[in-house]
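Reader: Please show me the model, and let us then go through the terms used to describe it one at a time, setting each value against its definition.

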Amino acid sequence: VPAGSCFTRARVGGAPGPLSSPAAPLEGPQDTTLLFEGPYQYVLWLRPDLYTAKHTQWFYFRVQNTRKDPLYRFTIANLAKPTSLYSEGMRPLLYSQRDAQSRGIGWRRVGTHIRYYRGGTEEPATFRLSWTVRFPHDGDTCFFAHSYPYTYTDLQRYLGGLARDPSCWRYCAVRALCRSLAGNTVYLLTITSPAGAAAAKRVVVLSARAHPGESVGSWAMRGFLDFLLSAHPDARLLRRLFVFKVVPMLNPDGVVVGNSRCSLAGRDPNRAYGTALRGSFPGVWHLRAMVERVLAEREVVLYCDFHGHSRKNNVFMYGCDGSGAGLRLLQRVFPLMLSKNAPDKFSFPSCKFKVQKSKAGTGRVVMWRMGIANSYTMEVAFGGSTLGRRNSHFTVEDLKSLGYHLCDTLLDFCDPHPAKLQQCLSEVDALLRQRTGRETGSGWSDVSISELES
């Protein structure tokens with residue numbers, strides 16, 4: 001060991017050298033602050049969702065006055081879920097203001113020595129996420145995030161751009177569905193072409209961000225709107241065939257205050273569709289009322305609510321299992337078609353169609369019971385894809401492409417030439433028979449949902 005040096009840190013990032021300067025200067029002889037030799041380790045505590053004591057998962061925070069040489073360790077100490085994609089290779093996101101301004105580099109995955117583990121023996125249990133990182137610059141301002149942020153301001157800027165584009169006015173109307181508890185506008189987009197037989201058009205209903213921490217859903221929604229509002233021939237065809245009712249941010253209050261799951265009512269809005277009170281859950285109440293009005297006049301061919309998933313990779317759907325062989329097969333067709341159109345992202349084997357009692361108040365179940373046969377929750381992993389030759393994090397472009405793939409699948413599903421539909425029905429039928437050991441020619445009326453899900 002060189003003279004005047006000693007080993008001072010027996011941990012990740014430890015190095016020989018003199019004692020580090022204290023993390024904070026003492027204010028005088030009466031200052032009783034304990035000083036440690038390591039100013040580069042930080043333990044962070046997430047604030048629970050407002051008016052709750054839980055739902056600690058989403059994080060998005062700023063770090064200023066960075067130094068590029070030290071290896072920093074951050075530990076979030078009070079996460080709620082016992083398992084996480086961080087245990088399967090997912091990494092946090094970093095945004096450097098200097099890199100963004102000088103090199104055009106935005107959010108990127110960073111971190112080494114990533115661990116997700118139980119934090120102690122107390123009950124209820126809490127879990128810790130720990131990672132090390134070197135910052136790219138001295139004196140920089142950086143941000144860390146659980147997933148690519150998409151704020152209420154981002155949505156308003158996007159809608160403002162539509163308002164300034166005269167070409168969109170002919171087929172896109174932006175209105176207020178309602179006001180949130182905090183007075184924020186819950187926006188409703190109605191998208192359809194003046195062309196086509198207006199009275200005969202079927203309806204597609206889409207929504208996102210019931211859970212504010214699931215920003216991956218907003219990026220998928222952004223991709224959907226980008227494509228549907230474009231001049232692409234398939235987009236023009238979709239506008240001619242359907243009326244789209246789109247609520248891109250159902251819970252703006254939760255997004256604004258940084259909640260993970262709840263609205264300002266302190267409860268999960270995606271468990272309130274069945275009993276939603278207008279005063280407590282205005283977004284959910286008005287969305288359901290709007291769908292009821294639409295169903296009185298038209299068929300709703302598809303309902304899909306975009307979410308994020310923290311424990312399973314890839315993209316998949318949760319649906320609802322109808323009674324009768326025809327419905328049981330048909331409700332699996334749209335997800336199967338989507339898996340064929342996005343084979344490197346969408347996993348059909350990960351889809352489930354069981355209606356659990358605990359999910360009775362979700363959008364997909366309530367809309368299905370209102371009469372929408374094809375009613376789904378689309379779950380987008382916070383991590384990435386393990387399909388095909390991929391084993392990588394989703395990028396923003398990957399997330400946006402899901403919107404295009406959903407449009408493409410809608411055209412396949414409603415194609416007047418039924419070849420694709422018949423092929424997928426046959427595949428689903430064969431898959432279920434293989435799972436349950438049933439012979440060709442036998443029906444499905446006597447098969448329980450639990451047996452189909454096994």
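Reader: What makes a residue one that Glu379 touches?
Author: Contact means heavy atoms within 4.5 Å, and, not counting residues up to four places away in sequence, Glu379 touches His307, Gly308, His309, Asn314, Val315, Phe316 and Tyr318. This is a predicted model, in which local features need pLDDT of at least 70 and side-chain atom pairs count only at pLDDT 80 or more, while totals for chains, interfaces and linings use all residues. Residues are numbered from 1 along each chain as its sequence is written, and side-chain values use heavy atoms, with hydrogens and water left out.

Reader: Why is Glu379 called buried or exposed?
Author: Buried means under 20% relative accessible area, exposed over 50% and partly exposed in between, with a 1.4 Å probe and protein chains only; Glu379 has 9% relative accessibility and therefore counts as buried. Across the protein, buried residues make up 51% of the 454 residues.

Reader: What makes helix 4 and helix 11 oblique to each other?
Author: The axes of helix 4 (residues 216–228) and helix 11 (residues 396–413) cross at roughly 55° and come within 7 Å, the axes being lines fitted to C-alpha atoms over the stretch in contact, with angles from 0 to 180 degrees between N-to-C directions. Angles under 35 degrees count as roughly parallel, over 145 as roughly antiparallel, 65 to 115 as roughly perpendicular and the rest as oblique, and helix 4 and helix 11 are therefore oblique to each other. Helices are DSSP runs of H or I with at least four residues, strands are runs of E with at least two, and both are numbered from the N terminus.
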